[in-house]
Amino acid sequence: VIEQGQPEHSVVTTCAYCGVGCSFKAEMKGSEVVRMVPYKGGDANHGHSCVKGRFAFGYATHKDRVRAPMIRETLDQPWREVSWDEAINFAAGRLKTIQQQYGRDSIGGITSSRCTNEETYLVQKLVRAGFGNNNTDTCARVCHSPTGYGLKTTLGESAGTQTFDSVMKADCIVVIGANPTDAHPVFASQLRRRLRQGAELIVIDPRRIDLLKTPHITSARHLPLRPGTNVAMVNALAHVVVTEGLEDSGFIDTRCDQQAYQRWRNFISDPRHAPEAIAEITGVDAGAIREAARAYARAGNGAIYYGLGVTEHSQGSTMVMGIANLAMATGNIGREGVGVNPLRGQNNVQGSCDMGSFPHELPGYQHVADDAARARFESEWGVSIGNEPGLRIPNMFDAAVAGQFKALYVQGEDIAQSDPNTQHVESALRSLECLIVQDIFLNETAKFAHVLLPGSTFLEKNGTFTNAERRINRVRKVMPAIAGKEDWEVTMALSNALGYPMDYAHPSEIMDEIARLTPSFSGVSYDKLDRLGSIQWPCNDASPEGTPTMHSVDFPIGRGNFAITEYIATSEKTNRRFPLLLTTGRILSQYNVGAQTRRTENQHWHAEDVLEVHPSDAELRGIRDGDWLGISSRAGQTVLRARVSDRMLPGVVYTTFHHPGSGANVITTDNSDWATNCPEYKVTAVQVEKVSQP
Ligand code: SF4
C-alpha cells in the first residue's frame, strides 16, 4: 500500500474494475485519497482485494485526465478547449442538424459497463426519449451479450443464479472458458479455499490455467479443448448424463417444461454427441469427458462458472444454453452450492444490461415490443417509444460505412480499441459527421471525435454498480469531479440542450425512477442500500431484501426450458497459410485495454503483451523466448514478443490485450455470435513468424 499521508476520514465505495465488485474504504486526507483499504463489511469481498483495486485511485488524478471539454469542426483541426455550455450546445446543435438532414434514426448512443447504473440508465433514456429511437447499445455487446440471451431463453432471467459465497457449498466446481485467478482474483481465492476443503475441480479450457495448480486439492481434471469446440463439448457432457442415467428426474419432472425436455433428450441422446464421436473435434480424450460428466452429475452440489471463453464465440449463446441445459438435467439449479454463474469481466456488465442499454430491451429486460412495458415508460417519460429494436454496435458501424448512420454519443467506452476488426471500426468512425466521446482520457476513439467531454471516475460520483452475482453496491463520491461535472450530469445537460428535459438533483432520484419502472428493482432505494450494505436483485414485494439464490421455487418463465444446441463449427478455420489458432485473455495486474491500470502503480507489472507459443510450434519456427514475432490473420497483422510456454495446446497461441500496441483486435475477425453479434474474439486462425524488432 502506498501511503501518501495519514488519513483523516474514510468513505466506503466499490472497486470499478472487475465484476467481483469489492468494497473498499477510500481513506482520505482532505479531498485526497491516501490509500484504498479493502472493506471487511463488503458483502462480495469480506475484506479481501487484489492488486488492481488497491491502486485504482492512481488513475483518478493522473496527469492524462481530460480536464476540460473540447471541440473541433473537423478531424484535421486541433482541439479547442471550451466551456461546458459551449461544448454541450455544439454537440446538441450538430445532433439536431444531422437528424433534420438524415432522419431521426441516423444517430445513436453507446453506454459503458464501466459507468454506474444510473449513468447507463440515463444514456439509454436520452437515446430513446431525446434522440427518439432505440439505437442504444453497451460494451456488454462484445463480452456477455450471449449470457443475456442464453440464460433468458433457458432459465428466464439474464443473470447468474448464485452469490459468490455459494461456492463454499459446491462439491464439484466446473470452470469453463474463464481464468479467475487473473480476471476475478478475490473470487478465485474463495474458490481455491473450497477446493482445498475437498471440492472437485473440472476446467474446460484450451489453456492450463493456474487454478489447476492449486496446492492440496483432491481432484483436478482438465479438458483442454480446441478453441471453437465448446458446444460439442457441453453436448457430450450432457449426452453422458442422459445416456448413463445420471439425470435428476425429480427436478426435471417438477421444474422443467416436459415437451422441451423430451425434444432435447431425443436430440442429446443421439450417438453423434457421444464423447467418442466428438473426441476428434475437441481434441479431448473421450474417457476424460465421460469421467468429468460423471463427477459433475454425481456431486451433491455441482456449480458451473464461466467467462468470455464461453461467450466470445460464433456459438456463444448456444454454449450458454448448453450450460443451462446441463445444470437443469442434473438438478443443479435453485439452491446454494450449485447454479450457472457467468463471471463478468467489467464492474458493471450486469448493471449496464439490467439498465436497458440493449437496442431491443428497456430496463429490466423488458422487450421494446412489449406494449404494456413500453406504455409504462412512455407514461413516465412523456414520449412515445418505438416497438422495433434499434441498431446494435456492429450494425451502427456497418450503417456508418454505408453512409446511413451519422452521429454517435459514446460514454466511457473505447470502441476503437475494444471492438473487433479495428480497420472497419476506424472507417466507420471516420465517416461520422458528429462523434461525441465522453471519457476520462483522450482514448483511441477520441481521435475520431468532434466533441470530447471529460468523464468522471468512480471516486468522483455517486451511484451504484451491480456485480456478477446481481449485487447492487453503492459507489460513493469521495472527491470533486475533476472537470466539474459527473457523468450523469453531462448526459442530463446534453438531453436538456436537445430539448428533452431531465431534472435530477442526485443519482438517488434516478434510482427511484428505475425502481418505479423495473419490476426486479422495485424495492431498491439508496436508503435501503445504506441500511443493508448491498442488495441482490430481484428486490421487490416478493423479496424486499433481495434474492441471493435465483430460481429456488420456480423460473420467471414458469418452467425451465431445455434448448436445442446443435454444434456448428466456426467458419474461422486453420489452413496452410494460417495454421495456428489464436485465443486471448487477461493477466492479474492489468485490466482490459489498460487505460486505467497503466496509469497506476500496476504499470510496473506486465509492461507488454506477449504471445505464448507451445514449445513444439516454437521449435518448428525456430522461435525462442523474447524473439519478435509477426502474427498475421485474414484480418490484419501485428507484432508481439514470444514466450514459449506449454500452458497452451500445440497449434494454439495466446495473448493478452492490455496494451494499445498488442494489436489483438487488428487481427481478430468479423465473426460473431449468431444471436447477439458478440465478436468471436477467442478464435482467430493465424500464422506466426520471427521478424526483426519493429
Ligand atoms: Fe476486487 Fe475485482 Fe477490484 Fe480486484 S479488480 S479489487 S477482485 S473488484
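**From the ligand to the domains and their strands**

Fourteen residues, written here as 14, surround the ligand, and among these Cys15, Cys18, Cys22, Cys50 and Gly53 come nearest. The model described here is a predicted one. Two helices, H1 (51-54) and H7 (185-196), each contribute at least two residues to the shell around the ligand. By class, this shell around the ligand consists of eight nonpolar residues, five polar residues and one charged residue.

The discussion now turns to a sheet of three strands. Its strands follow the order S1-S2-S3, the sheet is open, and the pairing is antiparallel. Strand S1 (9-14) and strand S3 (32-38) stand at the edges with a single partner strand each, so one side of each has no neighbour in the sheet. From one strand to the next, the twist averages 30 degrees. Between S1 and strand S2 (residues 23-29), the antiparallel pairing extends over six bridges. Within S2, Met28 is the residue that stands opposite His9. As a general matter, the strands of a sheet pair through backbone hydrogen bonds, in either a parallel or an antiparallel manner.

At the level of domains, the protein is divided into domain 1 (82-142 + 348-535), domain 2 (145-342) and domain 3 (580-690). A distance of 26 Å separates the C-alpha centres of domain 2 and domain 3. Where these two domains meet, 22 residues of domain 2 are in contact with 23 residues of domain 3. On the side of domain 2 that touches domain 3, at least two residues each are supplied by helix H5 (145-155), helix H6 (180-183), helix H13 (308-311) and helix H14 (316-329). Helix H5 gives the most to that side, with three residues. The side of domain 2 that touches domain 3 comprises seven nonpolar, eleven polar and four charged residues.

Strand S11 (residues 302-306) offers a view of a covered element. The strand is mostly covered, with five of its five residues buried. In a regular strand, side chains alternate between the two faces of the sheet. Both faces of S11 are covered: on one side Gly302, Ile304 and Tyr306 are buried, and on the other side Ala303 and Tyr305 are buried. Strand S8 (residues 172-176) runs parallel to S11, and five bridges join the two. Here Cys172 stands opposite Gly302 in S11. S11 also runs parallel to strand S12 (residues 339-342), to which four bridges join it. In this pairing, Tyr306 has Pro342 of S12 opposite it.

A further set of pairings involves strand S22 (residues 610-613). Four bridges link S22 to strand S24 (residues 637-644), and these two strands run parallel. Val613 stands opposite Val644 in S24. With strand S25 (residues 652-656), S22 is joined by two bridges, and the two run antiparallel. The bridge partner of Leu611 in S25 is Thr655.

The last element considered is a pair of helices. Two packed helices are described by the angle between their axes and by the distance between those axes. Helix H16 (residues 371-381) and helix H21 (residues 507-517) pack at an angle of about 145 degrees, and their axes are 10 Å apart. H16 makes the contact through Arg376, Phe377 and Glu380, while H21 does so through Glu513, Arg516 and Leu517. Sorted by class, the contact of H16 with H21 has four charged residues, two nonpolar residues and no polar residues.

Key:
Residues numbered from 1 in each chain as written. Predicted model: local features only at pLDDT ≥ 70, side-chain atom pairs only at ≥ 80, totals over all residues. Near = placed C-beta within 6 Å. Nonpolar A, V, L, I, M, F, W, Y, C, P; charged D, E, K, R; others polar. Domains from an automatic or database assignment. Contact = placed C-beta atoms within 7 Å. Pairing = 2+ DSSP bridges. Axes fitted to C-alpha atoms, helices over the stretch in contact; angles between N-to-C directions. Buried ≥ 20, exposed ≤ 12 C-beta atoms within 10 Å, placed from the backbone.
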